Structures are given as C-alpha cells and as structure tokens.
Amino acid sequence: MSNNRANEKRSVLPLYNSCLAPLHHELGQYIRKEEAAFGASRRAPDTLMGHLERVAAHAVRLALKEGVDPLLAELAGLFHDAGKFHGGKYHEDNKPEEEYSIEVLREMGLKGGLNPAILDQAAVAIARLYRDDPEPTPLGKVLFDADNLDKIGLPGIALYFIKSGLRGQGLSADMIIGLTVELTYARYAARGLFTRTARTIAEQRSADTIRFIHEFLDALRENGIFDARIERIRVCDLELEVIMPASCPCGAAMGLKSWVEKGTKCTEIHIEMTCETCPSRHKIRFCRPRLMV
C-alpha cells in the first residue's frame with residue numbers, strides 16, 4: 001500500500017465542511033511528515049493529526065450551539081497546532097508554535113483558494129489561543145474550548161497514557177507524578193472554558209478524570225507498584241492536588257516547592273520535588289489554567 005493511501009485510511013473523523021477536504025488531506029500529509037521527523041520515526045505517526053481532527057469536530061459541535069460559523073471553527077481546529085513540530089523540532093526557540101501554525105494555515109489556505117478574510121479570522125483565533133490577552137473573538141472562544149475538551153475526561157486520560165508510551169515511559173514515577181497536570185486541568189475544566197455548551201460537557205468529563213486518577217493511584221499502591229500521596233497546595237489563587245512519592249527510593253522524605261513564571265505563551269506553574277538526602281528530583285511544568293467563571 002502506498003503512503004498516500006495509508007494516510008487517507010488514517011483519517012477516521014468525517015469533515016463537517018466538505019470544501020475543506022483537499023486542505024485536510026494536504027495537512028495530514030504535512031503533519032505526519034513533521035511529527036515523524038521530530039520522533040525520528042520511519043512510520044508516519046497519527047498522534048497530532050488525530051488531535052487536530054478531534055478538536056475540529058469539537059469546534060464544529062460548539063459552533064453550531066454558540067452561533068459561530070462552523071466552517072471557520074473547523075478550519076481553526078484543523079490548523080491550530082499545525083506548527084507544533086515545525087521543521088521536525090519542538091519548542092526549540094522562543095517563537096510560539098501558534099505563529100508557525102498560522103504560517104501553515106495561510107500557505108495551504110491561499111493555495112487552496114480560501115478567502116483571505118476567512119484565513120485572517122482563523123489566524124486571529126489561533127494566535128490568541130493561550131496568550132493572556134483581552135477577551136478573544138467568539139471563534140477564539142470556541143477554539144479554546146474545543147482544544148481543552150479533547151484533553152479532559154476518559155478519552156483525555158487515554159491520550160495521556162498513549163503519549164507517555166510514545167515518549168518511552170512505562171509506569172514510571174515521572175509518568176505517575178505527571179498526572180498532577182491532568183488533575184489540575186480536570187479540577188478547573190468547567191471554570192476555565194468560555195462557552196456554556198463546553199462547560200456543561202466539561203463538568204461530567206472532569207468528574208470522570210478525577211475519579212479515575214484517584215482509583216488508579218489506589219490500585220498502584222495496593223499492588224505495590226507505586227506508593228503515591230496527594231499533597232494539597234495553593235499556587236496563587238489555585239488549589240492543587242500534587243501527586244508525589246510517599247518517600248524517596250532511598251527512604252528519605254521528599255520536599256516540595258512551587259512557583260510561577262511567565263512562559264513563551266502562558267503563565268507557567270512549576271512544581272519541584274527534591275529528596276532531602278539524595279539527588280532524586282522530579283519536575284513538572286504546565287500552563288496555569290485560566291479561570292473564566
């Protein structure tokens with residue numbers, strides 16, 4: 001089977017707007033090539049393109065409920081992360097990946113005959129996706145909510161484990177501790193979304209995430225795989241549940257500190273766990289949830 005045919009078979013989510021089909025196909029080839037180059041893989045991976053397709057589908061669903069043009073929503077969803085692995089690299093300069101995404105959008109969109117005004121509206125929504133900017137456009141709100149809906153609930157947890165496996169992580173301490181980020185986003189999911197439709201969906205999905213993670217940690221402890229404890233801390237105006245080892249493998253206690261920094265595209269929360277007697281250390285860094293309500 002040719003690579004082109006294989007790529008066509010990987011696209012399982014149907015488009016709402018059939019006029020975007022040629023762009024969808026071209027984008028899929030481009031994304032898989034860039035992601036394969038980043039991972040030095042001979043096979044064209046489907047991880048990022050699958051995310052783009054799901055976000056586009058979420059965006060259309062929200063747009064139809066929130067009075068936003070579904071064509072714009074689907075277009076912005078498909079291209080919002082198109083620059084994530086620009087040149088086969090990932091976050092190796094200070095240029096936000098959204099700027100690279102907009103470059104891909106404009107190049108493919110103009111070549112595909114899309115109206116420049118449509119591309120401009122999608123570009124504005126993508127550019128402001130995670131910046132601490134004033135109120136986004138209605139399209140920007142739909143895109144932000146769609147992107148975040150793909151990361152919460154049981155499907156979001158499944159993606160977390162898939163990504164961990166692709167990075168070569170098994171049930172390691174770092175992978176388990178990293179669930180702190182999933183807990184944080186789940187806790188504030190509904191309060192961090194713009195649209196009423198997305199908040200309603202997020203309330204149920206976040207409850208599923210929190211319940212699963214706590215039950216998962218209990219199972220790891222009961223089976224002697226990993227003994228984790230939950231440390232509740234406050235970072236600015238947020239209450240966090242930090243997953244950390246009950247003790248260091250050397251037997252000593254683990255210290256915990258947290259702080260915030262201004263990152264390239266968002267305010268970042270940093271959490272560090274350090275053994276009191278040996279060099280063992282764990283670090284987490286993620287974008288601070290933005291609270292809308």
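Is glutamate 231 buried, partly exposed or exposed? In this predicted model, glutamate 231 comes out as partly exposed, with a relative accessibility of 29%. Its salt-bridge partner is arginine 229, and the two side chains meet at 2.4 Å, N to O. Arginine 229 also counts as partly exposed, again at 29% relative accessibility.

That pair is part of a bigger set, since the count of salt bridges comes to 17. Another one brings arginine 288 together with aspartate 237, at 2.5 Å from N to O. Here the partners sit in distant parts of the chain, 51 residues apart: arginine 288 is in the segment after β5, and aspartate 237 is in the loop between β1 (228–235) and β2 (238–245). Aspartate 237 is partly exposed, with 39% relative accessibility. Elsewhere, Asp81, Lys84 and Glu97 are joined into one network by salt bridges that share partners.

Then there is the salt bridge between lysine 111 and glutamate 26, with an N to O distance of 2.7 Å. Lysine 111 belongs to helix α5 and glutamate 26 to helix α2, so this pair ties together parts that lie 85 residues apart in sequence. What about the accessibility of the two partners? Lysine 111 is exposed, at 60% relative accessible area, while glutamate 26 is partly exposed, at 24%. The cut-off for exposed is over 50%, and partly exposed covers the range between that and the under 20% of a buried residue, so lysine 111 at 60% falls in the exposed class and glutamate 26 at 24% in the partly exposed one.

Next, the inside of the fold. The largest nonpolar core holds 48 residues, and the members that touch the most others are Leu27, Leu75, Phe79, Leu105 and Leu149. Plenty of helices chip in: α2 (21–38), α3 (47–66), α4 (70–79), α5 (97–111), α6 (116–127), α7 (138–149) and α11 (196–222) each provide at least two residues of this core. Which helix gives the most? That would be α3, with eight residues. As for leucine 75, setting aside neighbours within four places in sequence, its contacts are Leu20, Leu23, Leu105, Leu114, Ile118, Leu119 and Ala122. A second core is separate from this one; it has 18 residues, Ile177, Ala252, Cys275 and Ile284 among them.

On the strand side, β4 (residues 267–275) makes a handy reference point. This strand is mostly covered, with seven of its nine residues buried. How does β4 run relative to strand β3 (residues 254–262)? The two are antiparallel and are joined by nine bridges. One of the matched positions puts glycine 255 across from threonine 274 in β4, its bridge partner. Four residues make the link in the hairpin that joins β3 to β4.

Strand β4 also pairs with β5 (residues 281–287), again in the antiparallel sense, and this time over seven bridges. Within that pairing, isoleucine 271 stands opposite isoleucine 284 in β5. These two strands form a hairpin as well, with five residues between them. Some of these positions turn up in the second core too: Cys275 and Ile284 are both included there.

Finally, the aromatic rings. How many aromatic pairs does a search of the whole structure find? The tally is seven. In one of them, the ring centres of tyrosine 160 and phenylalanine 161 are 5.7 Å apart and the planes meet at 80 degrees, so the pair is edge-to-face; the cut-off for that label is an angle over 60 degrees. Tyrosine 160 counts as buried at 12% relative accessibility, whereas phenylalanine 161 is partly exposed at 26%.

Phenylalanine 161 has a further ring partner in phenylalanine 212: this pair is edge-to-face, with 6.4 Å from centre to centre and 80 degrees between the planes. Because phenylalanine 161 lies in helix α8 (residues 153–166) and phenylalanine 212 in helix α11, the pair ties together parts 51 residues apart in sequence. Phenylalanine 212 is partly exposed, with a relative accessible area of 29%. Taken as a group, Tyr160, Phe161, Phe212 and Phe216 are linked by ring pairs into a cluster.

Conventions
Residues are numbered from 1 along each chain as its sequence is written. This is a predicted model: local features need pLDDT of at least 70, side-chain atom pairs count only at pLDDT 80 or more; totals for chains, interfaces and linings use all residues. Side-chain values use heavy atoms; hydrogens and water are left out. A nonpolar core is a set of buried Ala, Val, Leu, Ile, Met, Phe, Trp, Tyr and Cys residues joined through side-chain atoms within 4.5 Å. Buried means under 20% relative accessible area, exposed over 50%, partly exposed in between (1.4 Å probe, protein chains only). Contact means heavy atoms within 4.5 Å. Two strands pair if DSSP finds at least two bridges between them. A salt bridge is a side-chain nitrogen of Lys or Arg within 4 Å of a carboxyl oxygen of Asp or Glu. Rings of Phe, Tyr and Trp (its six-membered ring) pair if their centres lie within 6.5 Å; planes under 30 degrees apart count as stacked, over 60 as edge-to-face and the rest as tilted.
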